[in-house]
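Here is a brief report on a single protein chain. It moves from the overall fold to a sheet, and then to a few individual residues.

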Amino acid sequence: MTHTPILFKKYPELQDRIPWINLGNFPTPVEEMKNLESELKHNNLWIKRDDLSGEKYGGNKIRKLEFILADLLKKKKKWIMTFGGLGSNHGLATTIYARGLGIKTVLGLIDQPVTEHVQKQLLRFHYFGAKISYAKNAPGAVLKGLWHLVSKRGVYSFYGPGGSNKIGNLGFVEAALQLAKQVESGIMPEPEKIFLPIGSMGTYAGLAVGLKLAGMETNLVGVRVTDIGMTNEKKTAKMINETFKHLAKQSDDIPQLSVSAEEVNINHEFAGPCYGAVTKEGLDAIQLIRVSEGIHLDTTYSGKALACMLKHIRESESSKGPILFWNTYSSVDLDGIGVKYEDYKQLPKSFHRFFREDLISHH
Ligand SMILES: Cc1ncc(COP(=O)(O)O)c(C=O)c1O
């Protein structure tokens, strides 16, 4: 069912200035995790079910795509190019939702540890019609992107990894306003803290802006899962300020606030040795929430964020305030689409080696 973003209701002039298209089911539910509460002896543990944000594919990316793809449609672009790790959720979400709008996707994919999930994602990119291109690292991916940009007129610029920029981030400004409304209507108390994974930083940045616009005091805890050079306080503050600036330009009613790096709260303890690493703390957290609440998380992002939240709960005796876990991982079951292991032969040759049995870290 389509709805009007709260952002447009609150600041009506934005409606004509900011392209937006409804792709997901919003607002996503907020639920109390009663079993986890009794397990951890901590009341007031909540989960934001962004895993249920979309029918074809859920998770956090669809919120950004509602703004990104609308912008693309307005500019009459036929191609989108974006980047991510080999198992990129952003890459898959973009491919699926862009295709529904007649837009083709090119993905620049960078190394990460190969798991069965990564293999499935690669097969799904192909299944849903993305053109995939391998690069060993980020500079290599940018070069490939440039090549595509030159060779295909109409590719819609580089959409940075994770769809995080002043346009995509608006999806999470809206998300915070939706949460504020859920709090206002008594579905949950105002959270003292929100735990979420932080990678390309747009989810955190959008929420930070939205919480400020909603007048909420909630403290965000971004749990870093990528390299510190890519994800840090300074870059996140910059992204928050760019998002504020973009909004303030569109509406005189929006203050051009800015934050400093010191106001950004990133936890650096749970990333593991590299992006995509499977960590013990992450696996334990995944197991705990699966058994207690029936929620399925991933090892790259959401499991690590939950691991951090669990540590906080177990170690901080004084704080019993409401805590919200923002579930950013899609729970749509794609196993039924029928991709087969042997299909890897249809991928570009540079990807075949990721299907060698000895490469997979089974868990
Ligand atoms: C499941 C999941 N959670 C969290 C994130 C991180 O969000 P962001 O890149 O906006 O920081 C991603 C990004 O790919 C993701 O796929």
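Helices (H or I, at least four residues) and strands (E, at least two) are DSSP runs, numbered from the N terminus. By that numbering, Lys76 sits in the loop between α4 (61–74) and β3 (79–85). The model is predicted.

**Overall fold**

The chain holds twelve helices and ten strands. Its radius of gyration is 20 Å, close to the 21 Å that the globule rule gives for 363 residues, so the chain is as compact as a globular protein of that length. Along the principal axes, the C-alpha atoms fill a box of roughly 55 × 50 × 40 Å. Of the 363 residues, 58% are buried. Take the contacts between residues at least 6 apart in sequence: 77% of them join residues at least 24 apart.

The chain exposes about 15800 Å². Carbon and sulfur atoms supply 52% of that area. There are 46 positive and 38 negative side chains. The centres of the two sets lie 10 Å apart.

**The six-stranded sheet**

Which strand order does the open sheet of six strands have? The order is β1-β2-β10-β7-β8-β9, with mixed pairing. The edge strands are β1 (30–32) and β9 (266–267), and each pairs on one side only.

Strand β10 (residues 323–326) has β2 and β7 as its partners in that order. Strand β2 (residues 45–48) pairs with β10 in the parallel sense, over four bridges. Here Ile47 stands opposite Phe325. Strand β7 (residues 193–198) also pairs with β10 in the parallel sense, over three bridges. In this pairing Lys193 stands opposite Ile323.

In a regular strand the side chains alternate between the two faces of the sheet. In β10, Ile323 and Phe325 point one way, and Leu324 and Trp326 point the other way. All four are buried.

**Two buried residues**

Gln250 belongs to helix α10 (residues 233–250). Is Gln250 buried or exposed? Its relative accessible area is 16%. Buried means under 20%, so Gln250 is buried. Leaving aside neighbours within four places in sequence, Gln250 is in contact with Glu13, Leu14, Arg17 and Ile18.

Tyr344 lies in the segment after β10. At 18% relative accessibility, Tyr344 counts as buried. Beyond its neighbours within four places in sequence, Tyr344 is in contact with Leu123, His352 and Phe355. Tyr344 and Tyr57 are 287 residues apart in sequence. In space they are 22 Å apart, C-alpha to C-alpha.

**Backbone exceptions**

Most residues other than glycine have a negative phi, and most peptide bonds are trans. The table lists two residues with a positive phi.

| Residue | Phi | Loop | Relative accessible area |
|---|---|---|---|
| Asn44 | near 65° | between α3 (34–40) and β2 | 21%, partly exposed |
| Lys76 | near 60° | between α4 (61–74) and β3 (79–85) | 70%, exposed |

Why is Lys76 classed as exposed? Exposed means over 50% relative accessible area, and Lys76 has 70%, so the class follows. Asn44 has 21%. Partly exposed runs between the 20% and 50% limits, so Asn44 belongs there.

The peptide bond that joins Phe26 and Pro27 is cis, with omega about 0°. Pro27 is found in the loop between α2 (14–17) and β1.

Methods
Residues numbered from 1 in each chain as written. Predicted model: local features only at pLDDT ≥ 70, side-chain atom pairs only at ≥ 80, totals over all residues. Heavy atoms only, no water. Rg over C-alpha atoms; globule rule 2.2 N^0.38 Å. Buried < 20%, exposed > 50% of the residue type's maximum accessible area, 1.4 Å probe, protein only. Contact = heavy atoms within 4.5 Å. Areas by Shrake-Rupley, 256 points an atom, 1.4 Å probe, with all protein chains shown as cover. Lys, Arg positive; Asp, Glu negative; His and termini not counted. Charge placed at Lys NZ, Arg CZ, Asp CG, Glu CD. Pairing = 2+ DSSP bridges.
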